[in-house]
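Colleague: I'd like a close look at one part of this model, namely the side chains that hold its pieces together. Could you start from a single residue and work outwards?

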Amino acid sequence: MEQLGMILAVLIAFTALLLLLAQGRERKIRDSGLDEIDARYFRRRETRRVFGLGLMLLLSWALWTGSRTPVRIKGIGNPGFVRIWFGVILLLLCLLGTALFDWVETFIYARRQHRSLTAQRLELIRRYWSRHTRRGKRPDDNGSHP
């Protein structure tokens, strides 16, 4: 069981490092000409995700330590074992909370972007119709009347 915990700890740490590299790459390729709202969203998202990566590294350390901590010492329950695994549970709950918060923030951002795009499309349609109705002709009118 000790080896399984250590393998899991290494996999979590490796995953966290890969995600950190991906986050850095995404930052480099992101368009720098963002408006203030978009820039703020991406800064906050980056902060949340780096925080989550830190939690993953802490979880990795806790799993490594917890898998090597004996359950009993001289036949008596080891309070250190309980504290470490309680910490693992808390770290998992914090990771889930961070992921949920990130998901909600992304949903709100996506909804705002969708509304903005819809408003832009409606404005384009209004301009198109107003340009063609000023000439006395509807855009779908081909000139032949019954």
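Modeller: Happy to. A residue is called buried if its relative accessible area is under 20%, exposed if it is over 50%, and partly exposed in between (1.4 Å probe, protein chains only). Please remember that this is a predicted model, in which local features need pLDDT of at least 70 and side-chain atom pairs pLDDT 80 or more, while totals for chains, interfaces and linings use all residues. Numbering starts from 1 along each chain as its sequence is written, and side-chain values rest on heavy atoms, without hydrogens and water.

Let's start with Gln23, a residue of helix 1 (helices are DSSP runs of H or I with at least four residues, strands are runs of E with at least two, both numbered from the N terminus). Gln23 counts as buried because its relative accessible area is 8%. Leaving aside residues up to four places away in sequence, Gln23 touches Arg30, Glu46 and Arg49 (contact means heavy atoms within 4.5 Å). Two of these neighbours return below: Glu46 as a partner of Arg27, and Arg49 as a member of a charged network.

The charged pairs come next. The whole structure holds seven salt bridges, each a side-chain nitrogen of Lys or Arg within 4 Å of a carboxyl oxygen of Asp or Glu. One of them joins Glu26 to Arg45, with 1.9 Å between the closest N and O atoms. Glu26 sits in helix 1 (residues 2-29) and Arg45 in helix 2 (residues 36-68), so this salt bridge links distant parts of the chain, 19 residues apart. The two ends have their own surroundings: Glu26 is partly exposed because its relative accessibility is 26%, and Arg45 is buried because its relative accessible area is 10%.

Now look at Arg27 and Glu46, whose side chains meet in a salt bridge with an N to O distance of 2.4 Å. Here Arg27 belongs to helix 1 and Glu46 to helix 2, so parts that lie 19 residues apart in sequence are tied together. Arg27 counts as exposed, because its relative accessibility is 52%. Its partner Glu46, the residue that Gln23 touches, is buried because its relative accessible area is 11%.

On to Asp102 and Arg48, another salt bridge, where the closest N and O atoms are 2.9 Å apart. Asp102 is in helix 3 (residues 79-134) and Arg48 in helix 2, so the pair ties together parts 54 residues apart in sequence. Both ends are buried because the relative accessibility is 12% for Asp102 and 9% for Arg48. Through shared partners, salt bridges join Arg48, Arg49 and Asp102 into one network. That brings us back to Gln23, since Arg49 is among the residues it touches.

The rings are worth a look too. There are five aromatic pairs in the structure; rings of Phe, Tyr and Trp (its six-membered ring) pair if their centres lie within 6.5 Å, and planes under 30 degrees apart are stacked, over 60 edge-to-face, and the rest tilted. Among them, Tyr41 and Tyr109 are stacked, with 3.9 Å from centre to centre and 5° between the planes. Tyr41 is in helix 2 and Tyr109 in helix 3, so this pair ties together parts that are 68 residues apart in sequence. Both Tyr41 and Tyr109 are buried. Trp103 and Phe107 offer another example: their ring centres are 6.3 Å apart and their planes at 25°, so this pair is stacked. Here the partners are four residues apart in helix 3, and so separated by about one helical turn. Trp103 is exposed because its relative accessibility is 58%, while Phe107 is partly exposed because its relative accessible area is 49%. As for the buried tyrosines, ring pairs link Tyr41, Tyr109 and Phe42 into a cluster.

To sum up the route from Gln23: helix 1 and helix 2 are tied by Arg27 with Glu46 and linked by Glu26 with Arg45. Helix 2 and helix 3 are tied by Arg48 with Asp102 and by Tyr41 with Tyr109.
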